[in-house]
Structure formats: structure tokens, C-alpha cells
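Got your viewer open? Load the model and let's walk through it, one selection at a time.

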Amino acid sequence: MPVLKREQARDVGDPSGLPKLPVPPLQQTLDMYLKCMSHLIPEEQFKKTMPIVEKFGAPGGMGEFLQKKLLERSEHKANWVYDYWLEDMYLSNRLALPVNSSPVMVFPKQNFRSQSDTLRFAAHLISGVLEYKSLIDGRALPVDYARGQLAGTPLCMDQYNKVFNSYRLPGPKIDTLVAQKSTVMPEPEHIIVACKNQFFVLDVVINFRRLNEKDLYTQLERIRKMADIEEECLPPIGLLTSDGRTQWAEARSVLIKDSTNRDSLDMIERCLCLVCLDEPSGTELTDTNRALLMLHGGGTDKNGGNRWYDKPMQFVIGADGCCGVVCEHSPFEGIVLVQCSEYLLRYMRGSPSKLARAASMSELPAPRRLRWKCSPDIQTVLTVNSHRLVKNLDMNVNKFTGYGKEFIKKQKMSPDAYIQVALQFTFYRCHGRLVPTYESASIRRFQEGRVDNIRSSTPEALAFVKAMANSSKITDAEKMELLWTAIKAQTNYTILAITGMAIDNHLLGLREIAKELKLEKPELFSDTTYATSIHFILSTSQVPTTEEMFCCYGPVVPNGYGACYNPQTDHIIFCVSSFRESAETSSDLFVKTLEGCLKEMQDLCIKGNTEAKPTDSTEKMDGNAKVMKNGSKS
Ligand code: COA
């Protein structure tokens, strides 16, 4: 198999100097696919799948042909999988964005004593946003470097350019990610402020001058007053963006027939970001409730209509102190969202608000309210738009305080791999089986790199969790050995994924290039095993932060869990989501079980790590594993 030689693979033609994403060898992916699925499906089904995969991979077969086409594609694209991946992961998904797709960052709860406090916070935050945007525009953000496994490599910075300059346009079959390039369109110079379900244009540059914090405060105060004028209130049109994508595309095609609506949509689609000034939610602001409010706004009777989900960044500032960011996921990953959020929190802490007192008079032109003309059809859609998403989401945010990544590092294990094995253990305890699992792995080491998947439900993880479940028959030393093997398998897969050698993007590429070439769908992709393999009942992601905040998101399938975790030195924050409509899942039960599993694993490590003799297969990992010639690890 071609080894990823990072220095040699560097693409001199690319200004970032980063290498191109490699296309993994076909046979390696097919073998790995079988290995990943063999223990997750019934034996009979696996027996049917084996010859299908063999036929696909046979010399001179369809697989070889598609592989050749993918290799050709990789020659003339900066990243051969990017377009396929973007469509498959986001743009062709017809589900509503809130909960199903848009992750959120929950900020520490604020204590606003008055409306002025809230607006002061908003003005301060907008100032920070403008600073951050000028760093992005001036290409002045320091380059990110990989941490953890294979630390030290520079990472692709492309995603940052889309934070304030893009928009997800709904389409009848597929959405479009519109990038506003300054050469084609004027740079956005306004923010949309949502207040009481009304939308206002806040120009941040007036007469070539960027508004300072005092000006911003004045404008926000004016907006607040305008939002209070009941006679001028318009329907909560933002609710349309929380509908299914096809329904929203249909409604939008009706809206744009009217020039007033067209102008309003244009202002929103070209804005820098949204700032949503939310009404008090009337809920106790626990971590879980703040996560829920950030994910869906609390529905139509709370702040659900005070949003515009197509825009990548919506900063939410609740009068009750519930604050955070809602992010449309297609332009960038959670890690970029963290970097931006952390910059803003540090900015606000490090540069005290410049507002000694509120400005009372201003020469600034008044902010504009966006107008809408709603046909009866649209009115009906708005009223029908149900609370289903809100009622359905079952969320549990839990700070596990038993230990954090320091304890795990002391065991000479990768904290991420350990947590993934703990999640597998938990799922097994709750459901008596393992399921296809998604863990996002960054491939930003490559040009235009986004993510691939680490399939954490490895056969080695299954062997470990089975041993733990049948505890009486197996000694601690044996269990410890199985834990080492599971951790090693997970770490190895992680390294494969971050070096561009995982299987999900590759299989997607083979599937999509066949479609593009108008070939009959290869049997491998119509096989039940393939459908099972991409039905991710457990969808997980590590989103670490250095500031006090956490990221969360919803499940990606109706009977699944979303599990986002944030490992800290001495604790780990877990945000577990599922749907109430599924009889199979329960976030509370999952979290409770997870706590128990983490404690059992700790006990085992304390007892067993000293007793278990590392053998060849369980050799303890000394820091980061190293990639060997054949792509596997030492
Ligand atoms: N012994 C001791 N320490 C170890 C170790 C071992 N065997 N293995 C790893 N460590 C240390 C690492 O050096 C690192 O140290 P640091 O905290 O000083 O940086 C730390 O433990 C964490 O490493 P690890 O737990 O192995 O994970 P990682 O940081 O490499 O993360 C992924 C793994 C897959 C999460 C990461 O590569 C990735 O892709 N992150 C992006 C995920 C993403 O995109 N999320 C958002 C999706 S929207």
C-alpha cells in the first residue's frame, strides 16, 4: 500500500503547501470494510456480503475501474472527495437543520441585571466578531497545528474563510453552499439582529467607518425599541428555516416572487452573521436546558422563530443569560467553531467593554426592519410548523468528575481512544450489541480537508465489552489485556483516518464516481450491509475547549445517539442526545451507564495495569503511535 510520505506528498502548486488527500488502495479499503462489519451483522448476511465485495474487488472488475477513475479525479482536484462528501453529508440531506444537523456551542451562563447589560454584552461580542473577521480577511490568523496523535503538522485553514462569508441556500433536491467572494460580491458589511422574531439590518460600516462598541450599543438599543412596537410586528418568518429543506425551498420560491421579500432575503443571505437577542426562556438554566435552548430555541412559543438556520453563525444572547452560538455545519467543522468562540470569549474578557455609559443620541442612520409579504400559504406553513423537534429531543449534559484525560494519559493510553472504548462499553451495556459508530477524524492535514470516520465499534472493542459484561468468568488481567488491545485497535484506526486512509470517504468516492459516470449502481452499494454500515446509531465527536463552554448536537438517525465529549484534565463533559420517539434509546440511561462504565474501566486500570504483562499484541503505547511502512502502526 502506498505509504503517506507527508514531505514527498506536499503539493508545490498549492499555496498552503499541504499535501493532497491520498486515495487509499482499493483492496485495503475492502478488507477493512469486511473487518468493520463482520461482527455487527448476522452471520448469514455477512456470508452474502463477502462474495459481493470479492466480485467488486476482483482483478479487472468494477472496483478497479472506479478506483482508476478516482485516481484520475484526484489529479485534477485539490481534494478528490470534498464535493462528494459535502453533498452526501450535508447538502442533499433533506432533514431540518436544527437538532439534525446544526451543532451548537453553549457559553457560560451570564448574569444580566438589566436590558442594558444584555445589549452591552451583545455590542462587546459584535466588536469581537468584527476583530476576528478582520483577522480572517487579512489572513492574519495563526495557522492551526495538529495536536494529539501525529502532532505538529500544519492544518488547512480554508474553513475559516467560510465562517462569515457563506450561506446555505435551500434547494428542492439539494442545497447549495454559496460562498461570497469579494471579487464577485461586495463584502458583507452588515449583521442581522433577530429580536422578538423580527429581523433588523445593523450596518457595521457606515461612511467607510467601522462602528465602535458605543455605536453598536446605540443601534442595538434602537432595534430593541423597534421590536417592541407591536403594530409593526411581522410573522415569524425565520421559522421557515427550521423546516425540512425541501419544504423551506418551496416556501422560499413562493416568497421570492415578491420584491419586498426578495430584498429582505438578500439582506439576510449576504449578512456577516446573525445576533439573536432572545427573550427569557422561563426555564431553569441547567447545562442540559441551555443545550436544548441553543439547539432548537425552545419552539415557537419561546425563541424558535428568532433564528435563521441557513446562516453559518448565529450568536444567541438570551435576556436570561443563556448564550452561545448555533452553527450551520456545511462550511466548517466544530473545531473552527471552537476557535472562533474561544477568541470571542477571550476578547471579551481581555478587553473590558468600552461602554462607560450608554449613548443616548446618535447621528447614525436608524437600523432597518426587514419587511415580509406573506401569502396565505406561507402563513399556513408558519402555523403548522410544529413543536415536534422540541418535544422529541432527549438531551443529557453531564460533567463526569471521576477523572479526566490526565488519569488516562498516566495509563499510557490515548484519552480519545479510551473514551471511545468507554462509549462502546456503554452502548453494549444498554443494548447488548455494538452498532456502526461514527467518530469524526480531522483530515485537515490535507488540502481542503474536512473529516473522515473512525469506525470505533471494532472487533477488539467487542471482545473487551463482552469480557466486561461476563465479568465473573474472566480475570482482571485478561480484561486488562483486552482493554489494551481495544485501545490499540482504536488508536490505529485513528491514525489511519487522520492520514487519509480510512474507508468511509473512499467508499463514498467509489459510489459517487459510478453515479457520475452513469454506471449501474455496484451491488456493493445496494447490499443491505452497506446500508447498515452507514446508519450511524452512535454518532460521536471529540470537541475539546480551553474556555468554559461545551459543544453539542443531535442524533443523526431516528434510533440513534449523538455523543459529543470534551475531555479536560480532571473531568470530561459528555453531551448525549437521542429522540424520545425512539423506544430503544434514553439519554439519561446512557449517561448513567456511561458513568458506571468509566468507573469500572478506572478500577480495572488501577488493579490490572500493574498486573497485566504487556505482550507483543498489548504493548503499551508510548505517547503517539508511529505510522509504519504499510500504513499500520507500531
Ligand atoms: N500515552 C500518553 N498520552 C497519550 C497517549 C498515550 N499512549 N496517546 C495520546 N496521548 C496524549 C496526546 O499526546 C495528547 O496530549 P495533549 O493533550 O498534550 O495534546 C492527548 O493525549 C490527546 O490525544 P488523544 O486522546 O490520542 O487524541 P487526539 O487529540 O489525537 O484526538 C481525534 C483524536 C480523532 C479526536 C483528533 O485527531 C481529531 O480528528 N479531532 C478533530 C475532531 C473533529 O473534527 N471534531 C469536530 C467535528 S464537528
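The tour goes from the ligand to a helix and then to a surface patch.

This is a predicted model, where local features need pLDDT of at least 70 and side-chain atom pairs count only at pLDDT 80 or more, while totals for chains, interfaces and linings use all residues. Residues are numbered from 1 along each chain as its sequence is written, and side-chain values use heavy atoms, with hydrogens and water left out.

**Stop 1: the ligand.** Select the ligand and its shell: 27 residues surround it (a heavy atom within 4 Å). The closest are Q149, K412, S414, D416 and S442. Now show the polar contacts (pairs of N or O atoms within 3.5 Å). A polar side-chain atom of K409 sits 3.0 Å from a ligand oxygen, and a polar backbone atom of K412 is 3.0 Å from a ligand nitrogen. At S442, a polar backbone atom comes 2.6 Å from an oxygen of the ligand. The protein covers 83% of the 970 Å² of accessible area that the ligand has on its own (Shrake-Rupley method, 1.4 Å probe).

**Stop 2: helix 17.** Next, select residues 476-498, which make up helix 17 (a DSSP run of H or I, at least four residues, numbered from the N terminus). Of its 23 residues, 17 are buried, so helix 17 is largely enclosed by the rest of the structure (buried: under 20% relative accessible area; partly exposed: 20% to 50%; 1.4 Å probe, protein chains only). After helix 17, click G500: its phi is positive, near 80°.

**Stop 3: the loop.** Finish at L519, in the loop between helix 18 (504-516) and helix 19 (523-526). L519 is partly exposed, at 31% relative accessible area.

Definitions and conventions
Helices (H or I, at least four residues) and strands (E, at least two) are DSSP runs, numbered from the N terminus. The expected span of a helix is 1.5 Å times one less than its number of residues. A polar contact is a pair of N or O atoms within 3.5 Å; within protein, one must be able to donate a hydrogen and the other to accept it, and residues adjacent in sequence count only if both atoms are side-chain atoms.
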